[in-house]
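This report introduces a single protein chain to a reader who has not met it before. Please look over the sequence and the structure below before reading on.

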Amino acid sequence: MGVALGGCSGGDFGRTRQDFRNDDMHRWIGAEATSSIGLRPSQFQLTDNERLLRDLAYPLIEPPRSRPAWKSVFGDYQPLPSPWRQAPVFDRTAYGRQLIDEPHRSHSSRYAQLIEDVRDDITRFEPFFAAAGRVLDLDKQRNASLALVSELSPRERADAIARMQENTLIVQWVQQCLERRISSYRWALERLVIHAPNNMAADADRLIGELAAQTANPPVAAQPVIGRALSVRG
């Protein structure tokens, strides 16, 4: 039994186990984004900036508190469907219901968990959009270069365009996930105030407002690849 558990266990303290880790472990994000709207993913290798963009995107596209404890032990990493592929309607109540229903030693710990989750998103916001700005600026140079490259093959041109589409869609994916998080956080806070009023609610509300303000005015504005941006506000 010990051997069996050791063979399928996750990393220490919930970290992704080492055999799942590699430099391109988040490459699938770009392929998922493009294929979900019927586009072909690029076959180009990732640049350092593109790899960083995908690494920073994953914690923001994975729904907060979405991994039960057993997944941290028996394998805690899996690809996620892009919002363009998701058929079920977004459930803004899922996070709050989980937060309220899970056993806690005190109601204050629920507020503390909410505050921690929102603060984590605020901390991740600037690094992701800084990387996105670099990638999209370089993509503008890539796009301008297409007309200047000698003997550019149709395959090279298609892969270059596909990579630019991937990068843009990843930025839009994160923006949509942030909108969803804010909606979920607000629903959770409203229910917490009803279930267990606490002065910590003011701190949570302030942080949610800060995240909402950042999300409403991102430093990088990615133009929709499919003619319109998918938005989930609430």
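How much area does the chain expose, and what share of it do carbon and sulfur atoms supply? The chain exposes about 12,800 Å², of which carbon and sulfur atoms supply 54%; accessible areas come from the Shrake-Rupley method with a 1.4 Å probe.

This is a predicted model, in which local features need pLDDT of at least 70, side-chain atom pairs count only at pLDDT 80 or more, and totals for chains, interfaces and linings use all residues. Residues are numbered from 1 along each chain as its sequence is written, and side-chain values use heavy atoms, with hydrogens and water left out.

The chain has eight helices and zero strands; helices (H or I, at least four residues) and strands (E, at least two) are DSSP runs, numbered from the N terminus. Of its 234 residues, 41% are buried, meaning under 20% relative accessible area (1.4 Å probe, protein chains only).

Confidence is expressed as pLDDT, the predictor's value for each residue, from 0 to 100.

| Part | pLDDT |
|---|---|
| Chain | mean of 82 |
| Helix H4 (residues 69–73) | mean of 40, lowest |
| Helix H8 | mean of 97, highest |

The largest nonpolar core has 42 residues; such a core is a set of buried Ala, Val, Leu, Ile, Met, Phe, Trp, Tyr and Cys residues joined through side-chain atoms within 4.5 Å. Helix H7 gives the largest share of this core, 12 residues. Val171, one of the residues touching the most other members, is in contact (heavy atoms within 4.5 Å) with residues including Phe128, Leu136 and Val220, neighbours within four places in sequence being left aside.

Definitions and conventions. Buried < 20%, exposed > 50% of the residue type's maximum accessible area, 1.4 Å probe, protein only.
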